[in-house]
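Good morning, everyone. Please take a moment with the sequence and the model before I start.

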Amino acid sequence: MTTSCQICNLQPFKYKCPTCYTKYCSLLCFKAHKESPCEKPSSTPSENLAGECLPLTYKFPTTDTVPIEKLQALVQSDELKECLSNPHVRDILKSLVQSQTPEASITEAMKEPIFLELAHACLKIVEPEKFQQELVCLST
């Protein structure tokens, strides 16, 4: 890991270029760096670290534990992203996280159509079989 300025290589770095993350120690080095064009890297340092980590696993899985692969699939869901773009949904989720009675709060949240939409988007990915069963029950 580089701890010295990547421009002068004399001083420890204190700053990073907001565009390309080049490490520099002073305004003088930053100005020298900006004399040549820089580009945003294809991945950020934090993304590189995530790729270098060991695969995610659960320490204490239960029968209700959602497989990591399915949780990662949630990240790719456009439908889920659309639901989460709604500020009302985010407010509901915040209140659930802060609730002293999560079961009662979830029961109440399930009365909100927009929250049901979020739940269905998650269920389609995490438990597609149960989602199909729920649709059959709702249509009868």
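In what order do the elements of the protein run from the N terminus on? Look for the strands, then the helices. The order is β-β-α-α-α-α-α-α-α-α. In total that is 2 strands and 8 helices. Keep in mind that this is a predicted model.

Now some overall numbers. The protein has 140 residues, and 21% of them are buried. Its exposed area is about 10,900 Å². Carbon and sulfur atoms supply 59% of that area. Next, contacts along the chain. Take the contacts in the protein with a separation of 6 or more. Residues 24 or more positions apart account for 24% of these.

On to a single residue. Find histidine 33. It sits in helix H1, which covers residues 27–34. Is histidine 33 buried or exposed? Its relative accessibility is 8%, and the cut-off for buried is under 20%, so histidine 33 counts as buried. What is histidine 33 in contact with, leaving aside its neighbours within four places in sequence? The list is Ile7, Cys17, Cys20, Thr22 and Cys38.

Let's move to a pair of helices. First, a word on how to describe such a pair. Two packed helices are described by the angle between their axes and by the distance between those axes. Our pair is H3, residues 68–75, and H7, residues 113–126. They pack at an angle of about 135°. Their axes are 9 Å apart. What do we call that arrangement? An angle of about 135° is over 115 but not over 145, so H3 and H7 are oblique to each other. Their crossing is right-handed.

Which residues make the contact? From H3, we have Lys70, Ala73 and Leu74. From H7, we have Cys122, Ile125 and Val126. By class, this contact of H3 with H7 has 5 nonpolar residues, 1 charged residue and no polar ones.

Hold on to cysteine 122, and look at serine 77. Where does serine 77 lie? It is in the loop between H3 and helix H4, and H4 spans 78–84. Serine 77 has 11% relative accessibility, so it counts as buried too. Along the chain, serine 77 and cysteine 122 are 45 residues apart. Their C-alpha atoms are separated by 8.6 Å.

To recap. Histidine 33 in H1 is a buried residue. H3 and H7 pack with a right-handed crossing. And serine 77, in the loop between H3 and H4, is buried. Thank you.

Conventions
Residues are numbered from 1 along each chain as its sequence is written. This is a predicted model: local features need pLDDT of at least 70, side-chain atom pairs count only at pLDDT 80 or more; totals for chains, interfaces and linings use all residues. Side-chain values use heavy atoms; hydrogens and water are left out. Axes are lines fitted to C-alpha atoms, for helices over the stretch in contact, and angles run from 0 to 180 degrees between N-to-C directions. Helices (H or I, at least four residues) and strands (E, at least two) are DSSP runs, numbered from the N terminus. Angles under 35 degrees count as roughly parallel, over 145 as roughly antiparallel, 65 to 115 as roughly perpendicular and the rest as oblique. A crossing is left-handed if the near helix is turned anticlockwise from the far one by less than a right angle, and right-handed if clockwise. Contact means heavy atoms within 4.5 Å. Ala, Val, Leu, Ile, Met, Phe, Trp, Tyr, Cys and Pro count as nonpolar, Asp, Glu, Lys and Arg as charged, and the others, Gly among them, as polar. Buried means under 20% relative accessible area, exposed over 50%, partly exposed in between (1.4 Å probe, protein chains only). Accessible areas come from the Shrake-Rupley method with a 1.4 Å probe; for residues, only the protein chains shown count as cover.
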